[in-house]
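Please load the model in your viewer, choose a cartoon representation, and keep the selection tool at hand. The stops below are meant to be followed in order.

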Amino acid sequence: MTKQNNNFFDRKKNISETNESKANGDKAFNPKDRIENNYSKSENITLKNNFIKNFNKEQLLNFYREMLLIRRFEEKAGQLYGMGLIAGFCHLYIGQEAIATGMHHTMKDGDKVITTYRDHGHMLAVGSDPKKIMAELMGRKDGSSKGKGGSMHLFDLDRHFYGGHGIVGASVPIGAGLAFADKYLNRNNVTYCYFGDGAAHQGQVYEAFNMAKLWNLPVLFIIENNHYAMGTSLARASSVDELHKRGIGFNIPGVKINGMNVLDVIYDSQKCVDYVRAGNGPMIIEMDTYRYRGHSMSDPANYRSKEEVNCKKEQDPIDILRSEVLANKIANEEDFKKIDDQIKNQINEIVEFSKNSPEPDESELMTEIYN
Ligand SMILES: Cc1ncc(C[n+]2csc(CCOP(=O)(O)OP(=O)(O)O)c2C)c(N)n1
Ligand SMILES: [Mg+2]
């Protein structure tokens, strides 16, 4: 755990930190300053050397494989969208792969995941069939929702993946409800409830926070802070920078974790998961991350500079893991090349499968819908 995280259940410390940020908060009234400084403060981008020693070669290559599958899957989805084979909304997860991948390695059987419309990476991370996900994006019969949901409405009950929600903030009260069910039924499971920095301003989020703490529900609220909500930067939209402190008014502790580093994600969040699973109630994790592409496929992302994006790409979670594993001589170039080739072939198979899957039958038009 980082120094910052050691005190996550020390309430007095959290409160005094809030007063401190309030005292510094005047700066918040000049959003321009905050926007300009937004990306220049990149944190230490190398992996914490001692962390890498906690994992063996197989584990590290596995993290690499899982992140790369998400990256290549998303790149392919972007291409297929451009070719008109995917229609409607499509929000890519490129840049944020370390979060879904890392968090999955802190999960136990029966733990639940619920997220937003930026959901492909999360469903891949929990081990759902990538072919079914791509077929769903293409609106085909063999898709995970029979081709009737599309990109924003992925779902896999067998893997305890509860969507895929197009309404900003909606994953939060539903996530609290999933955790309520686990508590009520005495199941020792945790709900991993994801939402964005933009969603973190919504009223329903705070209603859910209150109930989750009131009943000490086993839910981990994970804010994927990629610093933008559509075209609006966090600095323009929020009176505070530190979203992990948004639970203080509800007595919910929070920590900030480097979401661009898969080992940080696993190592730092494991303590939070343990805290929640032990029955202490909810926790908030703010994952510091960045999306490389626009908000959705229809967003050219003109609201930020190339320099900003390139600066963030220097912290690429896949490149960093690869170079640190090589630097520590845990694996060699050949090991990585093998994985790169495997993923390339897998993506080709996924696309072939999805293209060959027919469109849903007309008889499906009025089934499984609200009316
Ligand atoms: C209730 C509601 N309001 C507005 C929208 C339109 N909308 C879709 S995504 C989005 C931005 C959300 O940003 P954030 O929560 O940071 O998530 P990110 O897209 O960055 O992952 C908005 C405003 C919506 N889908 N639902
Ligand atoms: Mg965002």
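The tour goes from the whole chain to the sheet, then to one edge strand and its helix, and ends at the ligand.

Begin with everything selected, bearing in mind that this is a predicted model. The chain holds 14 helices and seven strands, and of its 371 residues 44% are buried. If you draw the contacts with a separation of 6 or more, 78% of them join residues that are 24 or more positions apart.

Next, select the strands β1, β2, β3, β7 and β6, which in that order form an open sheet with parallel pairing. At the edges you will find β1 (112-114) and β6, each of which pairs on one side only. Looking across the sheet, you can see that neighbouring strands are turned against each other by 20° on average, when direction is ignored.

Now restrict the selection to β7 (residues 283-288) and the strands on either side of it in the order of the sheet. Strand β3 (residues 219-225) runs parallel to β7 and is joined to it by six bridges, whereas five bridges join β7 to β6, again in parallel. Pick Ile-284 in β7, and label two further residues: Phe-221, whose bridge partner is Ile-284, and Gly-254, which also has Ile-284 as its bridge partner.

Is the edge strand β6 enclosed or open to the outside? Select residues 254-258 and count neighbours: five of the five residues of β6 are buried, so this strand is largely enclosed by the rest of the structure. Colouring by side shows that both faces are covered, with Gly-254, Lys-256 and Asn-258 buried on one side and Val-255 and Ile-257 buried on the other.

Add helix α11 (residues 262-280) to the view, and you have the middle element of a right-handed β-α-β unit made by β6, α11 and β7. The helix α11 packs on the sheet, where it touches β3, β6 and β7, and its direction makes about 160° with that of β6.

Finally, select ligand 1 together with the 15 residues around it, among which Val-168, Gly-196, Gly-198, Ala-199 and Ala-229 come nearest. Colouring this shell by residue class gives six nonpolar, six polar and three charged residues.

How values were computed
Residues are numbered from 1 along each chain as its sequence is written. Chains are lettered from A and ligands numbered from 1 in the order in which they are written. This is a predicted model: local features need pLDDT of at least 70, side-chain atom pairs count only at pLDDT 80 or more; totals for chains, interfaces and linings use all residues. A residue is near a molecule or strand if its C-beta atom, placed from the backbone, lies within 6 Å of it. Ala, Val, Leu, Ile, Met, Phe, Trp, Tyr, Cys and Pro count as nonpolar, Asp, Glu, Lys and Arg as charged, and the others, Gly among them, as polar. Helices (H or I, at least four residues) and strands (E, at least two) are DSSP runs, numbered from the N terminus. A residue is buried if 20 or more other C-beta atoms lie within 10 Å of its own, exposed if 12 or fewer, and partly exposed in between; C-beta atoms are placed from the backbone. Two residues are in contact if their C-beta atoms, placed from the backbone, lie within 7 Å. Two strands pair if DSSP finds at least two bridges between them. A crossover is right-handed if, with the strands pointing away from the viewer, the path from the first strand over the helix to the second runs clockwise. Axes are lines fitted to C-alpha atoms, for helices over the stretch in contact, and angles run from 0 to 180 degrees between N-to-C directions.
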